[in-house]
Amino acid sequence: MKWTKRGPKWKEAVEVCMGLIEGERTPDDVRKFKHVAK
């Protein structure tokens, strides 16, 4: 996926969410990232 007007935090957020969907991450990983990204 490619977004030209989004920053590095956006890209990382997408990667974390996609990892959850693909089974590579846990819901806790996503929650931790959400708190760090704010």
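## Asp and Arg in helix α2

D28 is partly exposed, with a relative accessible area of 45%. This comes from a predicted model. R31 is also partly exposed, at 49% relative accessible area. Both values count as partly exposed because they fall between the 20% limit for buried and the 50% limit for exposed.

The two residues share helix α2, which covers residues 27–37. They sit three residues apart, about one turn of the helix. Their side chains meet in a salt bridge, with 2.7 Å from N to O. How many salt bridges does a search of the whole structure find? The search finds one.

## A13 and K34

A13 belongs to helix α1, which runs over residues 8–21. Is A13 buried or partly exposed? Its relative accessible area is 22%. A13 is therefore partly exposed, since buried would require a value under 20%.

In sequence, A13 and K34 are 21 residues apart. In space, their C-alpha atoms are 7.9 Å apart.

## The chain as a whole

The fold holds two helices and zero strands. The chain has 38 residues, and buried residues make up 13% of them.

How much area does the chain expose? The figure is about 3,600 Å². Carbon and sulfur atoms supply 56% of that exposed area.

Methods:
Residues numbered from 1 in each chain as written. Predicted model: local features only at pLDDT ≥ 70, side-chain atom pairs only at ≥ 80, totals over all residues. Heavy atoms only, no water. Helix = DSSP H or I, 4+ residues; strand = E, 2+ residues; numbered from the N terminus. Buried < 20%, exposed > 50% of the residue type's maximum accessible area, 1.4 Å probe, protein only. Areas by Shrake-Rupley, 256 points an atom, 1.4 Å probe, with all protein chains shown as cover. Salt bridge = Lys/Arg side-chain N within 4 Å of Asp/Glu carboxyl O.
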